[in-house]
Structure formats: structure tokens, C-alpha cells
Amino acid sequence: MVTTKRDLWSHFGLHPMEFIRWEQVGQKLGKWKQRAYNPFFDALAVASSLKVELRKVRGDNGHHVCESAFKAFSRGLRNLLDHADTNSENVNNEGFQSLWGVDSDGYKAGLALERKGTVERKTKETAISVQLQMDGGKTGIQIDTGLSSLNQFMELFAKESQLLSLSVKCNGDTWVDDHHTSEDVSIALGQVLNKAFGTKAGLNRMWCAMGSYGDARVEVTMDLSNRPCLTHNLTLSQSGEEFAGDLSVEMVDHVLESLVMNAAMTVHIVELTTGATVLETLMATAMAFGRALRLCASIDPRRAGATASSKGTLSV
């Protein structure tokens, strides 16, 4: 008995307009009316003897919702065939490691590209040097931003990526406050990541990963899209906290946004469990961010060097 659960369609609709409008009048995406997607996925599930569940997490653009649904289905099917649960926090299973672990062909092919980048940035407020190599961490991680919480965030992010050697040095006006240092360092790190990615040809491009730190548990969905966007639901106001260690709570959002925008990524961060402190939430985010980055940046040998885009490029 094959069952389907299509919360994506039945509860949310495909179009940002009211559900009843497209159901009665019939909205279109290309040459298809949106109502055709229900029977399509029903028939697909029955014909393939699969249980298919599609659930929309966010999104109000009909074209994007449909495109994302088909991408999610195809990647879920690939995971099923590969016996690799790529959304699991425990990625030590044999199927996952053989395809995407540090001994996999995709990971080694990524290292062989010798991707790297350098950014030197100097203003009246900060002097920053960032050097990054995607060499599996062989060169090491040295972070000195003048802010211990920002150091910890970037060290954990780089370590969890199992990919990056990272050197960050900042001399900033922390006697004023932490704003300029935390913003400018995040901008520079995003820029150097974007340089190192190059054209992104042959990469997985999209991935989802989870991280836990203390009571906090966070999921990061990442797309090296060249269309920067950040959304998150992180709780940044526990018990009226003003600081996450020595980083102002108000700067947490700014750090993430500066990093994502300058790395030209699309990143959705979902807080699954709230941390006891904002610092725990920030560190869980760093872990999930680093893990997602490694898999996004890994080579998918099955793509044979092709860019993961129907446009054939992510450079325009």
C-alpha cells in the first residue's frame, strides 16, 4: 500500500495568492496548471511503490516552491538509492562516508582543485588579513579577531567543515565596541570563501546539515547559489542577554548576514532546540554551517564537471 502525504500542496498551495483562487480559477506555472501537481506526485508514488512526503518549510513564490519540491524529491530519491541519509546528524554510516566522507572520491577531488583565497582589508576602523585554503585543514586554523566569541565561532566553523585551513587576523577598534570588528571580519571571510569557490562547476552546490552545542540544536540549509539570502529563526533574546560571550547579541545576526551575503550563498538557519544561552545557539550554528559548507563544496563525480544549474552557470 503506497501512501502519499502532500502538505506542500494541500495546506499551503503553490501560489502566494489564496488557496481557493488557484483551485477554482487555475493558476499556471509554465504550461502546467498548478492543480496538476497533486495527481502527478500521487501517480509517481504509486508507480514507484514509494511513500512520498512533501512539506513546505518556507516560501511564497509559486515557481520557486515547485522548483524546490522537484529538487528535494530528486535528492531524496538519490539518498534512498545511495543508502545515505544526508540530513542525519549522525553521518558516520557506511553509505554516507563512502560517498561523501573524507576518504571519498568527491572529497579528494575537491582537495585536488587546490582552492584558496586571500583578502586584505584596511580601513580607519579595522585592518584585516584572511587566508583560506581548502586543503582538508592541513595548514591549520589560526584565528585572532580580538573577540574571543568570534574566534570560537570561526574556529568551530572551520574545524567542522573538515575542509578549511583558515588564518584570520584583525586589529580593530574594539575599544569603541565590537561592531566594526565583527562586521568587517565576517565580510572578509565571506569574500575569501567566494573567491575560493570559483565557478562552482561540478560541486554539490546544495546541502543540509545539523549541529548541536549544549542545549542548542540547529539546522543549516545552504546553496552556493550566487544569489545571497539569509533567513533564520534563531532565538537571540534569552533572559534579556546582551552578550554572547564578548560578542554583542545584536551583532550575531549581523555576523551571519555579512558572511552569507559576501560569500554569495543562500542560507536558511532553523533553530530546532533553543540553547541555554545565545552563545550555545551561535556555536551550534557554526557547527551546522561548517558541515553544510563541506558537502556543498565537495565534488559530485556524477556531474562530470557540470554546474548544478539548469542555466548551465552560476556566474551570471
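The crossing of helices α7 and α10 is right-handed in this predicted model. Two packed helices are described by the angle between their axes and the distance between the axes. For α7 and helix α10 (residues 278-297), the angle is about 30 degrees and the axes are 7 Å apart. Because angles under 35 degrees count as roughly parallel, α7 is roughly parallel to α10. On the α7 side, the residues in contact are Ser149, Gln152, Phe153, Leu156, Phe157, Glu160 and Ser161. They meet Leu279, Leu282, Met283, Ala286, Met287, Phe289, Gly290, Arg291, Leu293 and Arg294 in α10. Sorted by class, the contact of α7 with α10 comprises ten nonpolar, four polar and three charged residues.

A second helix pair involves α8 and α9. The axes of helix α8 (residues 179-197) and helix α9 (residues 249-262) approach within 7 Å, and their crossing angle is roughly 25 degrees. That angle makes α8 roughly parallel to α9, and the crossing of α8 and α9 is right-handed. From α8, the contact draws on His179, Ser182, Glu183, Ser186, Ile187, Leu189, Gly190, Gln191, Leu193 and Asn194. Their counterparts in α9 are Met251, His254, Val255, Ser258, Leu259 and Asn262. By class, six nonpolar, nine polar and one charged residues make up the contact of α8 with α9.

Each of these four helices also packs on a sheet, and the sheets may be taken in turn. One open sheet consists of four strands in the order β5-β6-β8-β7, with mixed pairing. Its edges are β5 (116-122) and β7 (141-144); each has a single partner strand, so one side of each is left without a neighbour in the sheet. Direction ignored, neighbouring strands of this sheet are turned by 5 degrees against each other on average. The edge strand β7 runs parallel to strand β8 (residues 165-172), and four bridges join the two. Within this pairing, Ile141 has Leu166 of β8 as its bridge partner.

Two helices pack on this sheet. Helix α7 (residues 148-161) touches β7 and β8, and its direction makes about 160 degrees with that of β7. Helix α8 touches β5, β6 (126-133) and β8, and its direction makes about 30 degrees with that of β6.

The other open sheet likewise has four strands, in the order β9-β10-β14-β11, and its pairing is mixed. Here β9 (206-213) and β11 (229-232) stand at the edges; each has a single partner strand, so one side of each lacks a neighbour in the sheet. The twist from one strand to the next averages 15 degrees. Strand β10 (residues 216-223) pairs with strand β14 (residues 266-273) in the antiparallel sense, over seven bridges. One of the residues in this pairing, Arg217, has Thr273 of β14 as its bridge partner.

Helix α9 packs on this second sheet, touching β11 and β14, and its direction makes about 145 degrees with that of β11. Helix α10 packs there as well, touching β9, β10 and β14; the direction of α10 makes about 150 degrees with that of β9. The two helix pairs therefore link the sheets: α7, which packs on the sheet with β7 and β8, is roughly parallel to α10, and α10 packs on the sheet with β9, β10 and β14.

As to confidence, the chain has a mean pLDDT of 82, and 80% of its residues reach 70 or more. Over residues 1-26 the pLDDT is below 50, and this stretch has 63 contacts in the model beyond near neighbours in sequence.

Definitions and conventions. Residues numbered from 1 in each chain as written. Predicted model: local features only at pLDDT ≥ 70, side-chain atom pairs only at ≥ 80, totals over all residues. Heavy atoms only, no water. Axes fitted to C-alpha atoms, helices over the stretch in contact; angles between N-to-C directions. Parallel < 35°, antiparallel > 145°, perpendicular 65-115°, else oblique. Left-handed = near helix turned anticlockwise from the far one by under 90°. Contact = heavy atoms within 4.5 Å. Nonpolar A, V, L, I, M, F, W, Y, C, P; charged D, E, K, R; others polar. Pairing = 2+ DSSP bridges. pLDDT = per-residue confidence, 0-100.
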